[in-house]
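Subject: Structure handover

Hello,

Here is the structure I said I would pass on. My notes on it follow below.

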Amino acid sequence: MQRYKIQMVWDVFRPKDVPVPWYSLVWKGLSPPRDKFIVWMIVKNYIVTCDKVARWGGRGPLSCVFCSCALETRAHLFGECVVYKELYAGLLAKEFPRTPSDDWDVELQWAVSHLRGK
Ligand SMILES: [Zn+2]
């Protein structure tokens with residue numbers, strides 16, 4: 001008779017996915033769980049932005065709440081937005097002197113490489 005372990009049952013019901021490169025960025029480190037959850041929502045593009053609200057039939061302004069220069073999307077908020085760039089310059093530029101990219105995917109890749117577990 002084969003013995004079963006609860007781990008085997010767990011693995012059947014919840015198989016492991018392919019590892020994602022941003023796992024350590026999001027879930028490692030000493031940040032409060034609330035912050036980790038918010039970063040996870042941003043990475044998964046689950047944050048509610050004006051472009052999504054419009055697709056869901058919502059009404060209201062579509063422009064970025066910070067700069068009003070473009071449609072508010074994740075890519076805009078965390079790449080293209082001038083306010084994002086100013087925040088970056090004020091918060092991270094001393095430790096990581098660089099010019100942030102306008103491309104969300106480039107920014108995420110940079111964060112995965114440099115901010116893992118911080
Ligand atoms: Zn903006």
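**What was found**

Among the elements of the protein, helix α3 (residues 33-43) has the highest mean pLDDT, at 95, and helix α1 (residues 6-13) has the lowest, at 86. Please keep in mind that this is a predicted model. Over the protein, the mean pLDDT is 89, and 97% of the residues reach 70 or more.

**Overall build**

The protein has seven helices and zero strands. Read from the N terminus, the order of elements is therefore simply α-α-α-α-α-α-α. The radius of gyration is 19 Å, whereas the globule rule gives 13 Å for 118 residues; 19 Å is well over that, so the protein is more spread out than a compact globule. Along the principal axes, the C-alpha atoms fill a box of roughly 70 × 40 × 25 Å.

Burial and contacts can be put beside this. Of the 118 residues, 8% count as buried. Among contacts with a separation of 6 or more, 37% are between residues 24 or more positions apart.

**The annotated span**

What does UniProt place at residues 4-86? The record, an unreviewed entry, has the feature "domain: Reverse transcriptase zinc-binding" there. In the model, that span is 51% helix and 0% strand, and its end C-alpha atoms lie 56 Å apart.

**Helix α2 and helix α7**

Two serines are worth looking up here. Ser24 belongs to helix α2 (residues 23-27). Its surroundings hold 15 other C-beta atoms within 10 Å, and because a residue counts as exposed at 12 or fewer and as buried at 20 or more, Ser24 is partly exposed. Along the chain, Ser24 and Val112 are 88 residues apart, yet their C-alpha atoms are separated by 7.7 Å.

Ser113 sits in helix α7 (residues 104-114). Is Ser113 buried or exposed? Ser113 is exposed, since 10 other C-beta atoms lie within 10 Å. Its C-alpha atom is 9.2 Å from that of Pro21, and the two residues are 92 apart in sequence.

Gln109 is also part of helix α7. For Gln109 the count is 14 other C-beta atoms within 10 Å, so this residue is partly exposed. Gln109 and Lys44 are 65 residues apart along the chain, with 14 Å between their C-alpha atoms.

**Helix α4**

Arg55 lies in helix α4. Arg55 counts as exposed because it has 9 C-beta neighbours inside 10 Å. Arg55 can be set against Pro97: the two are 42 residues apart in sequence, and their C-alpha atoms are 37 Å apart in space.

**Two loop residues with positive phi**

Most residues other than glycine have a negative phi. Two loop residues are listed here with that in mind.

Asn45 has a phi near 60°, a positive value, and is not a glycine. Asn45 is in the loop between α3 and α4 (50-55). With 12 other C-beta atoms within 10 Å, Asn45 is exposed; the cut-off for exposed is 12 or fewer.

Which sign does the phi of Ser68 have? The phi of Ser68 is positive, at about 60°, although Ser68 is not a glycine. Ser68 is placed in the loop between α4 and α5 (74-80). Ser68 has 9 C-beta neighbours inside 10 Å, which means that it counts as exposed.

**In brief**

The model is predicted, with seven helices and zero strands. The protein is more spread out than a compact globule, and 8% of its residues count as buried. For a start in the viewer, I suggest Ser24 and Val112, whose C-alpha atoms are separated by 7.7 Å, and then Asn45 and Ser68 for their positive phi.

Regards

Technical notes. Residues numbered from 1 in each chain as written. Predicted model: local features only at pLDDT ≥ 70, side-chain atom pairs only at ≥ 80, totals over all residues. Helix = DSSP H or I, 4+ residues; strand = E, 2+ residues; numbered from the N terminus. UniProt positions renumbered as here; feature names shortened; annotations may be inferred. pLDDT = per-residue confidence, 0-100. Rg over C-alpha atoms; globule rule 2.2 N^0.38 Å. Contact = placed C-beta atoms within 7 Å.
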